[in-house]
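Here are some notes for a colleague who is opening this structure for the first time. They deal with aromatic rings and with nonpolar cores.

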Amino acid sequence: INVFNNPDTGAYDELIGILSGARLAASHLSYRGENVYLDSAAAKLYVLDQSGPMQEAAREVFSEFIPREKIHQAKILDLATGNGLMARQAVLNNVGEVVGLDESESLIQFAKEKTADLIARPGSSTKVRWVSGNMFLLDSLLPAHNGDPELFDYVTVANTLFEFSDEALTDFFEIVKKHLKDDGQIIILQR
């Protein structure tokens, strides 16, 4: 997902105002040719990039960066999962387990709905968990095991880090590092 915000045109604020005024809690719609999702409760508008370059990049993560011999045992944390694009690719590739985390409860619900058919298909073995919350509070959102944080082979994040200040980026990497296995990797997709 990508937060749709063009300060030059004010389109983001204009659309949030219009749609929030209509008292829509969460809506999936088209605006100026974009497939967008409004989360009024969080006062955010998301562009749902489900095809094209981001879809291809998500596929490449599983064909280029995660070795085929490890994919079925891999445990992935998908931060800012949004519409669940990376989680869906994980399910399509029969990753061992994927945890999709997003601060928007309504986007988590949207991701669950978009992923449900893939999880239910014959031969699917991926365990999927959805967590709603702020990624900077990761330690409190994921269960500890014997006092140790939950660990992942891969942490993915797409189209989110550009929003962070230098200080927030430093904090982000420190938090993520605590949840990576010793040989774990962070995979960052940026449009």
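1. This predicted model holds 1 aromatic pair. The partners are F172 and F173, whose ring centres are 5.1 Å apart. Their planes meet at 75°, and planes over 60 degrees apart count as edge-to-face, so the pair of F172 and F173 is edge-to-face.

2. How buried or exposed are the two partners? F172 has 2% relative accessibility and therefore counts as buried, the limit for that being under 20%. F173 has 32% relative accessibility, so F173 counts as partly exposed.

3. Another ring has a charged residue over it. K75 lies over the face of F152, at 5.1 Å from the ring centre.

4. The largest nonpolar core has 22 residues. Those that touch the most other members are V61, F62, I66, I76, V95 and L189. At least two residues of this core come from each of α2 (53-65), α4 (85-92), α5 (105-120), β8 (152-158) and β9 (180-189). Which element gives the most to this core? That is α2, with 5 residues.

5. V61 can serve as a place to start looking at the contacts. Leaving aside residues up to four places away in sequence, V61 touches I66, M86, I187 and L189. Of these, I66 and L189 are, like V61, on the list of residues that touch the most other members of the largest nonpolar core.

6. Apart from the largest nonpolar core lies another core, of 19 residues. Among its members are L79, V99, F172 and L180. F172 thus appears twice in these notes: as a member of this core and as a partner of F173 in the aromatic pair.

Notes. Residues are numbered from 1 along each chain as its sequence is written. This is a predicted model: local features need pLDDT of at least 70, side-chain atom pairs count only at pLDDT 80 or more; totals for chains, interfaces and linings use all residues. Side-chain values use heavy atoms; hydrogens and water are left out. A nonpolar core is a set of buried Ala, Val, Leu, Ile, Met, Phe, Trp, Tyr and Cys residues joined through side-chain atoms within 4.5 Å. Buried means under 20% relative accessible area, exposed over 50%, partly exposed in between (1.4 Å probe, protein chains only). Helices (H or I, at least four residues) and strands (E, at least two) are DSSP runs, numbered from the N terminus. Contact means heavy atoms within 4.5 Å. Rings of Phe, Tyr and Trp (its six-membered ring) pair if their centres lie within 6.5 Å; planes under 30 degrees apart count as stacked, over 60 as edge-to-face and the rest as tilted. A charge sits over a ring if NZ of Lys or CZ of Arg is within 6 Å of the ring centre and within 35 degrees of the ring normal.
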